[in-house]
Amino acid sequence: MACQRDGIIKIVEYLESLGIIVNLGKNKARGNKGFFKVKGSQYRIDIANNVDEEDVLPLLVHEFAHYLHYSYDRSLKSLEFIFDSEEEALQEEMISLTVQKISKK
């Protein structure tokens with residue numbers, strides 16, 4: 001567990017060095033396990049207060065992926081900065097895997 005906590009601390013420090021506010025267990029993350037928010041030029045990642053410690057690191061990485069996506073596409077609708085349009089089947093598979101991994105609960 002200490003190794004997991006160290007990883008969490010390091011990634012939080014990295015995110016904060018990018019100017020992202022990170023709230024771990026301080027709120028309900030708008031009813032989700034994690035939440036990425038943009039307000040003007042301010043970025044924030046919230047991880048819900050009811051999340052198990054082993055789920056925190058994957059959630060931080062997932063929410064950081066939203067930050068990266070937003071950096072390339074502010075509409076958050078296109079993944080063409082990763083895939084060109086000819087790789088549509090691969091794009092669909094990646095989206096499907098992500099949706100299967102993140103529980104709708």
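# Exercises on a predicted model

Just after helix α1, Gly 19 takes a positive phi of about 90 degrees. The coordinates used in these exercises are those of a predicted model.

## Exercise 1: The order of elements

Determine how many helices and strands the chain has, and in which order they run.

**Solution.** Step 1: assign the elements; the chain has three helices and three strands. Step 2: read from the N terminus on, which gives the order α-β-β-β-α-α. Step 3: consider the chain as a whole; of its 105 residues, 28% count as buried. Among contacts with a separation of 6 or more, 41% are accounted for by residues 24 or more positions apart.

## Exercise 2: Strand pairing

Establish in which sense, parallel or antiparallel, β3 pairs with β1 and with β2.

**Solution.** Step 1: take β1 (residues 20-24) with β3 (residues 42-47); these strands pair in the parallel sense, over five bridges. Leu 24 stands opposite Ile 47 of β3 in this arrangement. Step 2: take β2 (residues 34-39) with β3; this pairing is antiparallel and spans six bridges. Here Val 38 has Tyr 43 in β3 as its bridge partner. Step 3: inspect the connection; the hairpin of β2 and β3 has two residues between the strands, and Gly 40 takes a positive phi near 65 degrees in this hairpin.

## Exercise 3: The buried face of α1

Explain why the buried residues of α1 line one face of the helix.

**Solution.** Step 1: list the buried residues of α1, which are Ile 8, Ile 11, Val 12 and Leu 15. Step 2: look down the helix axis; these buried residues fall within an arc of 105 degrees, and therefore they line one face of α1. Step 3: recall the general geometry: an α-helix has 3.6 residues a turn, so residues three or four places apart point the same way. Step 4: turn to the face directed away from the buried side, where the exposed residues Cys 3, Lys 10 and Ser 17 are found. Step 5: identify the cover; β1, β3 and α2 are among the elements over the buried residues of α1.

## Exercise 4: Helix α2

Compare the span of α2 with the value expected at 1.5 Å a residue, and state which elements its buried residues pack against.

**Solution.** Step 1: α2 (residues 53-72) has 20 residues. Step 2: from its first C-alpha to its last, α2 reaches 30 Å, close to the expected 28 Å. Step 3: the buried residues of α2 include Leu 59, Leu 60, Phe 64 and Tyr 67, as well as Glu 63 and His 69. Step 4: the buried residues of this helix pack against α1 (2-17), β1, β2 and β3.

## Exercise 5: Salt bridges

Find how many salt bridges the model contains, and classify each partner as buried, partly exposed or exposed.

**Solution.** Step 1: with a side-chain nitrogen of Lys or Arg required within 4 Å of a carboxyl oxygen of Asp or Glu, the count comes to two. Step 2: one salt bridge joins Glu 53 and Arg 5, whose closest N and O atoms are 3.0 Å apart. This pair links distant parts of the chain, with Glu 53 in α2 and Arg 5 in α1, 48 residues apart. Glu 53 has a relative accessible area of 28% and is partly exposed; Arg 5, at 41%, is also partly exposed. Step 3: another salt bridge is formed by the side chains of Asp 46 and Arg 44, at 2.9 Å from N to O. Asp 46 has a relative accessible area of 1%; because buried means under 20%, Asp 46 is buried. Arg 44, at 25%, counts as partly exposed.

Terms used. Residues numbered from 1 in each chain as written. Predicted model: local features only at pLDDT ≥ 70, side-chain atom pairs only at ≥ 80, totals over all residues. Heavy atoms only, no water. Pairing = 2+ DSSP bridges. Helix = DSSP H or I, 4+ residues; strand = E, 2+ residues; numbered from the N terminus. Expected span 1.5 Å × (residues − 1). Buried < 20%, exposed > 50% of the residue type's maximum accessible area, 1.4 Å probe, protein only. Contact = heavy atoms within 4.5 Å. Arc of directions from axis to C-beta.
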